[in-house]
Amino acid sequence: MFSNFLIWFVIVPVIMMAGLACCGNSNMKAIRTVMVVCSTVLLGMAIWLVCEFLDMRAAGDTSEMLFTGSWMWYEPLNIHLAVGVDGISVLMLLLSAIIVFAGTFASWKIDPLPKNFFLWFALLSTGVFGFFISIDMFTMFMFYEVALIPMYLLIGVWGTGRKEYSAMKLTLMLMGGSAFLMLGLLGIYWHSVPAGGVPTWNILEIAHNSAIAPSWQNLLFCFTFVGFGVLGAMFPFHTWSPDGHACAPTAVSMLHAGVLMKLGGYGCFRIAIYLLPSAAQELAWIFIILTGISIVYGAFSACVQTDLKYINAYSSVSHCGMVLFAILMLNRTAMTGGILQMLSHGLMTALFFALIGMIYGRTHTRDIRQMGGLMKIMPYLGVCYMIAGFASLGLPGMSGFVAEMTIFFGAFENGDMFHRVFVIAATCAIVITAVYILRVVGKLILGPVQDDHHLTLTDATWWERFSTATLIVCLAGIGFFPNWINETIQHSFTPIINALNMAI
Amino acid sequence: MGTTLPILILAIPFAMFLILGIGGVKMSRKLAGILGICANGTLAVLAYIVAFTYFFSGDAAFILDGVRQQVQIFDVTWLAFTERMVVNIGFLLDPICAMMLVVITTISFMVHLYSWGYMEHEPGFQRYYAFLSLFTFSMLGLVVATNIFQMYIFWELVGVSSYLLIGFFYKLPSAVAASKKAFIVTRFADLFMLIGILVLSYYVSHTPADGPLGGASAFNFLMLNSNPGNVLASTVGATFMGGSVLTWAMIFIFVGGMGKSAMMPLHIWLPDAMEGPTPVSALIHAATMVVAGVYLVARFFPVFCIVPDSLTFITVVGAITAFYAAVVACAQIDIKRILAFSTISQIAFMMVALGCAYNEPVEGVHYSGLGYMAGMFHLFTHAMFKALLFLGAGCLIHAVHSNNYTEMGGLRKYMPICHITFLIGCLAIAGIWPFSGFFSKDEMLAAMFSRHWFWGAWMTMVAGLTAFYMFRMYYMVFWWEENPKYRESGHKPHDAPWQMSLPLIILALVSCVAGFIPFGEFVTFNGEPYHIHIEPSVAATSLTVAVAAIALATVMYAKKNPLPSKIKNLWPGLWTAANRRFYWDEIYQFITHRFIFNIICRGIAWFDRHIIDGTMDAMATVTQWCSVRIKGMQSGSIQTYVIWYFIGAVLLAAVTWICIL
Amino acid sequence: MLWYLVPSVIMFAAGVYGFCTRKNMIALLISLELMLNSADLNFVVFNRFLFPGSMEGMVFTLFAIAIAAAETAIAIAIIINIYRAVGNTDINSVKQMKF
Amino acid sequence: MDYSQFGAMLPELIILGLFFIVFLFDTFSNEGGKKLLTPVTTVLFGLATVAIWLIPSCGDTVFGGMYVDDSACKAMKAILNVGVFIVLLQSAKWVESDEVAIRKGEFYELLLVTLFGMYLMISARHFLLFIIGLESASLPLAAMVAFNKKHYESHEAAVKYILTAVFSSAILLTGLSFVYAFSGGSLYFDDIRAELSSGSTPGLLICALAFMIAGIGFKLSLVPFHLWTADVYQGAPTAITAYLSVISKGAAAFAFFVIFVQAFGTLYSAAWEWMMYAVIIVTITIGNLFAIRQKNMKRFMAFSSISQAGYIMLGVMTESALGLGSMMFYIFVYVVSNLAVFSVISAIENKTGKVGMDDYDGLHKTNPWLSFAMTLAMFSLAGIPPFAGFFSKILIFTSVTASDSMALYMLVLVALINTIISLYYYLLVVKAIWINPGEARIESFRSAFSERLALWLCVGGIVFFGLVSGIYQFCVESAATLV
């Protein structure tokens, strides 16, 4: 079992937790050492995995999932610990590793209880990695919830503002989502095989059996899609996100907006669409309407916010809406765009929240009306913020542009009026995005200095420069050379596309 | 030609951007300036080499039995949406591209040189040069685009570099606002362009790969332009609101061009863009970026031609804009704004010229593609003399520290070089022989007359207006009456240092001689050379009109006299309206702030906070409320407990029994 | 046999009613006894009329009576404790813990 | 009569033996010896627990089928034993407190007797034996609830408990008497099943079933037969509360399953499926709604345990081996999680006498380990992975949905939605411990060894029962022998 490489993505964070447990309660040196070492190891593993994966693909290994392994866990219910990755999950793992890495540096000076913070942080990352490697619905769901619950304490204890309220709201809403999700999974499990067979949780087997009756599919699709959609901040279930993000500490906002919200989108196509294709064909329109709304809606409501974190939370609603929207277009190009959008939004939002954390740590306010001309005071952060902004409004050369264009061109492939209308509505979002991004940049980074006390503030420290630079490099990397990622993702969608075509 | 030069042409400015942008903070101003200028000098040289090889080498690759070819020097895949929708980054070399290379690099070099003097004392000098390099890179990438998507990519990039340069003085709220406005307005236009591209590429990419359009990428210019008829065919007659889908697509794409080229009603950003440093205005907002729209139309000319409605649309938009801008320019007092409006009007001229061109012979017209050639020609000459004018204005502002001609007057004694060069510029734009403006404008008017007498007459009038307001400005600045401030205040306005004067002189010379370039030999719509000859009638009319306008201006403004104010008081309303640009900004302000921002955005935000969020909180509240309401059940007295118990048991039995019965 | 069941039903009803209405704990105990005995009566009656062959109902009744006795004993003991604590055996005096 | 039959009752005999040992020791030992009573009993009971885990189940039925000793029953007894052992450990300190010390012998004796009663309930296959077990399990508890002579609450709790208990046993007996009317003269479960298999269900029988549910539901504290629970849990000594909340509940749940599947299995879809359907929904919901408002930890745990009982009863709806296995696993996990909470509560109560939820504010500052254990326990109760509670919940849901009926899916949905409410109030405790501002109200202390041992056992269970699938395996396999 330990010979399988993927398992180590779960084991290393566990080791990280063990290591942290051994550290002294406030022995920052030891804690940082453990965190940096482990997150670096994870990043290295992720990069190695990507290279290895591409090599194996290049070597002509066309099996749907690579590095697969499956070990019986709960024998009476046929629950396995099954792992495997395709191009998408590999990239997601890389994304998570990058953001965990950056998040570690972003929370360099966390206080109080640094040890507990990193313990929960590590648990969170365990869940995230576990989710992306598992191809067994049960373990997938388990890791999903493992990733959700630490949010409560991370926000509640280390957050700011109305943290109790936000933490509780976030946790309850996400758990509400996962309640529906659970029911959907149960339904899928019990109908996963033709009558008489032994039901299975394994996604690949279920997909190959494709034994779920259409009547059940429709019900289960709604359950699963809503379940994941809540985490994907789909209108009208997005309202946990603004409060949650606004109150969370920097690293948590990064990880949550950067990776956790991606769990939603990932699950949507990996389970809801892949396993229930005919329902997807039939019911997509409902969710297209909802996600279409959240794209425009999020952008518009971001225009009037005055709290930096709220602005980014709402833009996350808009961008994640874009992800689900793309996935629901049910064709290869658009879905690829959706994944690209996940990656780009992950990096971008992480960068945003990191910067906001750093600015907040200096000015002790997140209200854009009380800040201004930061470019003069902290040029490095200012420039980074502008870069993040440009990435967010889809400037060519940044990942956002690639993702959005792929989505639009893919979505436009659906020829009927309904899709057309919503695609064009979605494209309008790029203008609105420009509006609110430039509004913030103009108020916050440019313009005259609002508060003379800010004049004494210092620019970024080395660890801050490090974490932001990492993210910016990734953003630009995708933006300049998108095609290899694009091809990897497109190839990985083949089975899903086939399932959809068979379902028609 | 190898791929080395083209790649270098793109690589050098980008490298400069990175070097100056990242390393600039550590550099001294001098080093940064020299780096930038040298880089651009080399760039210009390379561009000239490329252009000259293209035009004069006579290589069969470039000119095949007298027809200039379109050559893709290289074309590499950047992103593949589908097998038919592949985005390439490449280098397409053809007459207009070569011409633009020359224009861009020349002006850019001049501006680099000029800025060294002009921006000397500004903080962020290095940043400024970095942004200039970024802009040069983006603009070059735009003109060499091999496909519409590459064009769109660099289209966005020029937008952003213009944003950065307009907002260069980022501490001034006005500059920030102007840059924001410029970006958002153009972005709004680009949205239409994007939709246009979506529609076009959708239909093209859904033709069979072995069809007449071939298997090439649906974005590719060569493929689209080679046999546009099939592009139309590929839409299988799909129509939308009466027009064929292709018409709509092309109009949408053109709207993108309207945004960049500041056609009405998307012109509002350009005057504000003058908040940027003057050299920037010369480079971006006079010579290069703003003509991107014209370039777009020229690039797509064959496809535009097969949907004549779109050409008509272009003509109308251009005609209206030209007149509007000219009128407004007559009533401005800020010299940069006057120049800005004159730019708008001149670009509109080119648009109309393009709109009046055909790509197949028409009876009664001896050369149907004249408008195309003329438009490009005017693009070339206008770039030169408008850059000259802007740089001159820069010198004036540098000397007087004000944008308004009310602060100037009688400057001819103090700044002779500036005076002469500025005069040349004005003559050129007014279209006086032998200056370059005359030739290009004459060709354009000829084209318009050949299309329909109305366009010709209309645009001749605009030409007259142009001559008038340019000389109005000229006289107000250099003649009128000397501003008393010069004498009492110790420092007299004087000519600018050589780095600034040199570009003026060079450009002035170019504006004098450029007219005699046999432009038709190089740039025509189909690559076949065309021998320019002056249309006597048209030339005569335009010249007389121009001279008359200049005379009028002389009468009114050469010396201080009450005549202008008299005339102003004839129709004060008209004057204020023109001065306030006919209230376009106010209208936009109303729509965006009052309506979109205050009603839609705030409304949605309120809805989110109170309805959506409220619902979620309400669930919690209701649960709490229930738990409070039912607490009486747990009254603490055994007897109530037992009553509940018994009722429960009986109820269970009774209900089940009833259900079963 | 119905005639034998009627009294048991009456006893049961009386027991429930008494338990719900009386205030004195001892009275409550008595009503409980009524209910238990009605159950015993049922057993005996059913045994006697439905299954004359077997004795299970009777045996069960004996055990039930014993159990009832035990219950009463413990209940009495606890009531005495209560009496010690609050000085009366009013059922309404023991509702401190609620909600 | 063949006395070798008693050999089959080995678990009961062991408990009985232990009882006698404690009794004699308590009666005849001097003051010095009394000191040893607690450790001796605890150790002996620990050994007994191990023994019961180890001895094989002969799986035969004795006394004419009144009593069976199959692996399911033995597994259940073993599970309960673990729980009781933990209870003994965490109560050791309280037992030694001078207020109780004189009567500690009685405490152990009563406890062992009730345990013996529960064993009988579990193994009984005849209603007579079942009733005897039930009563001998519930009557001594009344005495134990009243154990704190000095505290008025203890008495009030006791009187509430005993009166309701007697009332419910009266109802139960009445119901049983109705059943007897249809049983063809025999109270053996199998005979009743055989009699009732003839389709029709007269009203009296339905009434009987309702009364049976009420009677046993009293011990499980199903709504609306639960009202005694909160007061009794609050008033009783914490050790007893813990014992009530897990052990007697577990035994009753198992017995419930046995009776309704073995004796009334044929009436499942006809009658009691829908009764239980309603009861479960009401139980989970009402329990949660009450728990939201509670400020006293013990009362809070009472309501939490009520809704937990609802989840346990989901297992009954399956009437399959898988369901029983899941139910036993759920009970086991519930035992460790709940006892973990009670260990913390009693540790703190023994030290400071504080049981208010707001006394826990900022606990992590002074007692990080207790806070940690409490947090884990709360997460486990709320069903958060990777802790055991998550697995027990999901497994029981899975086994419920096994039968492809939409009604059961909806039942699970209701249960799932209720988990959100429960998560809310479990998180309230976590919030108090970790988030609420202000100085800690409980000074830092080191709890007694026995308490720490109990806590470690529980935490170990919370962490490993889910991840190690062997226990669930064991439950399902042993359950297979019964259904």
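**Exercise 1. Is A309(D) buried or exposed?**

Before solving, some ground rules. This is a predicted model, where local features need pLDDT of at least 70, side-chain atom pairs count only at pLDDT 80 or more, and totals for chains, interfaces and linings use all residues. Residues are numbered from 1 along each chain as its sequence is written, and chains are lettered from A and ligands numbered from 1 in the order in which they are written.

Step 1. Get the cut-offs: with C-beta atoms placed from the backbone, a residue is buried if 20 or more other C-beta atoms lie within 10 Å of its own, exposed if 12 or fewer, and partly exposed in between.

Step 2. Apply them: A309(D) has 27 C-beta neighbours inside 10 Å, so it counts as buried.

Step 3. Place the residue. A309(D) is part of helix α13 (residues 297-318) of chain D. Helices here are DSSP runs (H or I, at least four residues), strands are E runs of at least two, and both are numbered from the N terminus.

Step 4. List its partners. Leaving out residues up to four places away in sequence, A309(D) touches L220(D), S221(D), L222(D), K249(D) and T283(D). Contact means that the C-beta atoms, placed from the backbone, lie within 7 Å. As for V246(D), 63 residues away along the chain, its C-alpha atom is 9.6 Å from that of A309(D).

**Exercise 2. Look at the backbone of S221(D) and L330(A), then track down the cis peptide bonds at P265(B) and P434(B).**

Step 1. Recall the background: most residues other than glycine have a negative phi, and most peptide bonds are trans.

Step 2. S221(D), one of the partners of A309(D), has a positive phi near 50°. S221(D) sits in the loop between α9 (203-220) and α10 (227-235) of chain D, and counts as buried because it has 28 C-beta neighbours inside 10 Å.

Step 3. For L330(A), phi is positive too, near 55°. Its loop runs between α13 (308-328) and α14 (332-363) of chain A. L330(A) has 25 C-beta neighbours inside 10 Å, so it is buried.

Step 4. Now the prolines. M264(B) to P265(B) is a cis bond with omega near 0°, and P265(B) lies in the loop between α9 (245-260) and α10 (269-272) of chain B. W433(B) and P434(B) are also joined by a cis bond, with omega about 5°; P434(B) is in the loop between α17 (416-430) and α18 (436-451) of chain B.

**Exercise 3. How do α3(D) and α19(D) pack?**

Step 1. Angle and distance: helix α3 (residues 71-96) and helix α19 (residues 449-467) of chain D pack at about 150°, with axes 7 Å apart. Axes are lines fitted to C-alpha atoms, for helices over the stretch in contact, and angles run from 0 to 180 degrees between N-to-C directions.

Step 2. Classify. Angles under 35 degrees are roughly parallel, over 145 roughly antiparallel, 65 to 115 roughly perpendicular, and the rest oblique. The two helices are therefore roughly antiparallel.

Step 3. Find the residues. From α3(D) come I86(D), L89(D), Q90(D), A92(D) and K93(D), which meet S450(D), E451(D), L453(D), A454(D), L457(D) and C458(D) of α19(D).

Step 4. Sort them by class: seven are nonpolar, two polar and two charged. Nonpolar covers Ala, Val, Leu, Ile, Met, Phe, Trp, Tyr, Cys and Pro; charged covers Asp, Glu, Lys and Arg; the others, Gly among them, are polar.

**Exercise 4. Which elements of chain A give two or more residues to the side that touches chain D?**

Step 1. Count the contact: 25 residues of chain A meet 30 residues of chain D.

Step 2. Name the elements: β1 (66-74), α5 (137-148), α6 (150-158) and α7 of chain A. The largest share, twelve residues, belongs to α7(A).

Step 3. Check the classes on the chain A side: 18 nonpolar, four polar and three charged residues.

Step 4. Repeat for chain B. Here 36 residues of chain A are in contact with 37 residues of chain B, and α18(A) provides the largest share of the chain A side, nine residues. That side has 24 nonpolar, eleven polar and one charged residues.

Conventions. Contact = placed C-beta atoms within 7 Å.
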